[in-house]
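Student: I am new to this structure and would like a close look at a single part. Which residues lie nearest the centre of the largest pocket, and what lines it?

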Amino acid sequence: MSSTQQNTPETAPRPARLTAAAAVTGLEALALFAGGVYILVTALTGTPDGLTQAVTGGATLIALGLIPLAAARGLLKARSWARGPAIITQILALPVAWQLLQATSVMIPAGIALAVIAVTGLVLLVNPATTQALGIKGPGADA
(Lines give C-alpha, C1' and ligand atoms only; values in the text may rest on other atoms or scores of the structure.)
Protein backbone atom coordinates (compact mmCIF):
# COMPACT_ATOMS: atom_id res chain seq x y z
CA MET A 1 0.00 0.00 0.00
CA SER A 2 1.45 3.35 -0.93
CA SER A 3 1.77 6.18 1.53
CA THR A 4 -0.91 8.17 -0.33
CA GLN A 5 -3.64 5.54 0.08
CA GLN A 6 -6.08 5.94 2.93
CA ASN A 7 -7.33 3.04 5.05
CA THR A 8 -10.92 2.48 4.04
CA PRO A 9 -13.12 -0.26 5.53
CA GLU A 10 -12.23 -2.44 2.54
CA THR A 11 -8.45 -1.89 2.82
CA ALA A 12 -8.02 -1.38 6.57
CA PRO A 13 -6.27 -4.22 8.33
CA ARG A 14 -8.67 -6.66 9.97
CA PRO A 15 -8.43 -6.51 13.79
CA ALA A 16 -7.29 -9.72 15.48
CA ARG A 17 -10.54 -9.81 17.46
CA LEU A 18 -12.57 -9.89 14.26
CA THR A 19 -10.42 -12.71 12.91
CA ALA A 20 -10.81 -14.57 16.21
CA ALA A 21 -14.59 -14.09 16.12
CA ALA A 22 -14.64 -15.49 12.59
CA ALA A 23 -12.54 -18.45 13.74
CA VAL A 24 -14.87 -19.21 16.67
CA THR A 25 -17.92 -18.99 14.42
CA GLY A 26 -16.25 -21.16 11.79
CA LEU A 27 -15.33 -23.71 14.46
CA GLU A 28 -18.97 -23.93 15.46
CA ALA A 29 -19.95 -24.44 11.82
CA LEU A 30 -17.46 -27.29 11.53
CA ALA A 31 -18.79 -28.84 14.73
CA LEU A 32 -22.34 -28.73 13.38
CA PHE A 33 -21.22 -30.31 10.10
CA ALA A 34 -19.25 -33.00 11.93
CA GLY A 35 -22.19 -33.78 14.22
CA GLY A 36 -24.56 -33.99 11.28
CA VAL A 37 -22.27 -36.27 9.31
CA TYR A 38 -21.71 -38.46 12.38
CA ILE A 39 -25.46 -38.84 12.93
CA LEU A 40 -26.04 -39.61 9.24
CA VAL A 41 -23.26 -42.19 9.09
CA THR A 42 -24.34 -43.94 12.29
CA ALA A 43 -27.96 -43.87 11.13
CA LEU A 44 -27.12 -45.43 7.79
CA THR A 45 -24.60 -47.99 9.08
CA GLY A 46 -26.24 -48.92 12.36
CA THR A 47 -29.70 -49.76 13.58
CA PRO A 48 -31.20 -46.51 14.90
CA ASP A 49 -34.51 -46.52 16.73
CA GLY A 50 -35.93 -44.31 14.01
CA LEU A 51 -34.08 -44.09 10.71
CA THR A 52 -36.15 -41.18 9.44
CA GLN A 53 -35.63 -39.22 12.64
CA ALA A 54 -31.87 -39.87 12.62
CA VAL A 55 -31.47 -38.88 8.97
CA THR A 56 -33.58 -35.77 9.50
CA GLY A 57 -31.53 -34.82 12.57
CA GLY A 58 -28.25 -35.27 10.74
CA ALA A 59 -29.42 -33.31 7.71
CA THR A 60 -30.72 -30.55 9.97
CA LEU A 61 -27.37 -30.18 11.73
CA ILE A 62 -25.58 -29.98 8.39
CA ALA A 63 -28.05 -27.35 7.15
CA LEU A 64 -27.73 -25.37 10.40
CA GLY A 65 -23.95 -25.38 9.95
CA LEU A 66 -24.38 -23.22 6.87
CA ILE A 67 -25.48 -20.24 8.99
CA PRO A 68 -22.31 -19.87 11.08
CA LEU A 69 -20.21 -20.80 8.05
CA ALA A 70 -21.68 -17.89 6.08
CA ALA A 71 -21.30 -15.63 9.12
CA ALA A 72 -17.64 -16.60 9.56
CA ARG A 73 -16.94 -15.86 5.90
CA GLY A 74 -18.72 -12.53 6.21
CA LEU A 75 -16.73 -11.64 9.32
CA LEU A 76 -13.47 -12.44 7.53
CA LYS A 77 -14.55 -10.06 4.76
CA ALA A 78 -15.60 -7.46 7.39
CA ARG A 79 -19.26 -7.47 6.32
CA SER A 80 -21.50 -5.86 8.93
CA TRP A 81 -24.43 -8.23 8.20
CA ALA A 82 -22.35 -11.17 9.46
CA ARG A 83 -22.37 -10.08 13.08
CA GLY A 84 -26.10 -10.81 13.55
CA PRO A 85 -26.02 -14.49 12.53
CA ALA A 86 -22.75 -14.94 14.42
CA ILE A 87 -24.26 -13.53 17.62
CA ILE A 88 -27.38 -15.66 17.20
CA THR A 89 -25.17 -18.73 16.80
CA GLN A 90 -23.41 -17.93 20.09
CA ILE A 91 -26.69 -17.32 21.91
CA LEU A 92 -28.17 -20.59 20.62
CA ALA A 93 -25.06 -22.47 21.71
CA LEU A 94 -25.55 -21.47 25.36
CA PRO A 95 -28.73 -23.54 26.02
CA VAL A 96 -27.09 -26.50 24.27
CA ALA A 97 -24.09 -26.12 26.57
CA TRP A 98 -26.44 -25.93 29.56
CA GLN A 99 -28.14 -29.18 28.56
CA LEU A 100 -24.76 -30.88 28.15
CA LEU A 101 -23.78 -29.66 31.62
CA GLN A 102 -26.92 -31.29 33.07
CA ALA A 103 -25.77 -34.72 31.86
CA THR A 104 -24.13 -37.22 34.15
CA SER A 105 -21.69 -38.49 31.58
CA VAL A 106 -18.71 -37.56 29.48
CA MET A 107 -20.81 -34.82 27.89
CA ILE A 108 -20.07 -32.44 30.78
CA PRO A 109 -16.61 -31.46 29.41
CA ALA A 110 -18.24 -30.87 26.01
CA GLY A 111 -20.75 -28.56 27.70
CA ILE A 112 -17.98 -26.64 29.42
CA ALA A 113 -16.05 -26.29 26.17
CA LEU A 114 -19.15 -25.15 24.26
CA ALA A 115 -20.04 -22.60 26.95
CA VAL A 116 -16.52 -21.17 26.92
CA ILE A 117 -16.50 -20.98 23.12
CA ALA A 118 -19.94 -19.32 22.98
CA VAL A 119 -19.11 -16.72 25.64
CA THR A 120 -15.76 -16.04 23.99
CA GLY A 121 -17.52 -15.57 20.66
CA LEU A 122 -20.02 -13.16 22.17
CA VAL A 123 -17.29 -11.10 23.83
CA LEU A 124 -15.34 -10.92 20.57
CA LEU A 125 -18.41 -9.97 18.54
CA VAL A 126 -19.51 -7.09 20.77
CA ASN A 127 -15.99 -5.77 21.27
CA PRO A 128 -15.66 -2.14 20.16
CA ALA A 129 -12.76 -2.97 17.81
CA THR A 130 -14.88 -5.60 16.08
CA THR A 131 -17.88 -3.31 15.87
CA GLN A 132 -15.78 -0.50 14.40
CA ALA A 133 -14.09 -2.82 11.89
CA LEU A 134 -17.52 -3.93 10.69
CA GLY A 135 -18.66 -0.31 10.30
CA ILE A 136 -21.44 -0.67 12.86
CA LYS A 137 -22.29 2.57 14.60
CA GLY A 138 -23.38 2.53 18.21
CA PRO A 139 -26.60 4.01 19.58
CA GLY A 140 -26.77 7.76 19.17
CA ALA A 141 -23.97 7.87 16.60
CA ASP A 142 -24.46 10.22 13.68
CA ALA A 143 -25.70 8.42 10.58
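Tutor: Helices here are DSSP runs of H or I with at least four residues, strands are runs of E with at least two, and both are numbered from the N terminus. The model is predicted, so local features need pLDDT of at least 70 and side-chain atom pairs pLDDT 80 or more, while totals for chains, interfaces and linings use all residues. Residues are numbered from 1 along each chain as its sequence is written, and side-chain values use heavy atoms, without hydrogens and water.

The protein has five helices and zero strands, and its elements run α-α-α-α-α from the N terminus on. Of its 143 residues, 27% count as buried (under 20% relative accessible area; exposed is over 50%, partly exposed in between; 1.4 Å probe, protein chains only).

Now the pocket itself. The residues nearest the centre of the largest pocket are Glu28, Leu32, Ala93, Val96 and Leu114, out of 19 that line it. A pocket is an open set of points on a 1 Å grid over the protein atoms alone, where a 1.4 Å probe fits, with protein on both sides within 12 Å along at least five of seven lines; a lining residue has an atom within 4 Å of a point. The volume of this pocket is about 640 Å³, counted as the space filled by probe spheres set on the points, which are joined across faces, edges and corners.

Four helices each supply at least two residues of the lining: H1 (16–45), H2 (51–76), H3 and H4. The largest share comes from H3, with six residues. By class, the lining holds 16 nonpolar, two polar and one charged residues (nonpolar: Ala, Val, Leu, Ile, Met, Phe, Trp, Tyr, Cys, Pro; charged: Asp, Glu, Lys, Arg; polar: the others, Gly among them).

Since H3 gives the most to that lining, its packing deserves a look. H3 covers residues 83–101 and H4 covers residues 107–126; their axes come within 8 Å and cross at roughly 155 degrees. H3 and H4 are therefore roughly antiparallel to each other. The contact of H3 with H4 involves 21 nonpolar, three polar and one charged residues. On another side of the description, H1 and H3 pack at an angle of about 60 degrees, with axes 10 Å apart, and are therefore oblique to each other. Axes are lines fitted to C-alpha atoms, for helices over the stretch in contact, and angles run from 0 to 180 degrees between N-to-C directions; under 35 degrees counts as roughly parallel, over 145 as roughly antiparallel, 65 to 115 as roughly perpendicular, and the rest as oblique.

Some single residues fill in the picture. Threonine 89 belongs to H3 and counts as buried because its relative accessibility is 13%. Its C-alpha is 8.2 Å from that of glutamate 28, although 61 residues separate the two in sequence; Glu28 is one of the residues nearest the pocket centre. In H1 sits alanine 22, which counts as buried at 4% relative accessibility. Alanine 22 and arginine 73 are 51 residues apart in sequence, with 7.1 Å between their C-alpha atoms.

Finally, the loop between H2 and H3 contains alanine 78. Most residues other than glycine have a negative phi. Alanine 78, however, has a positive phi of about 60 degrees, and at 23% relative accessibility alanine 78 counts as partly exposed.
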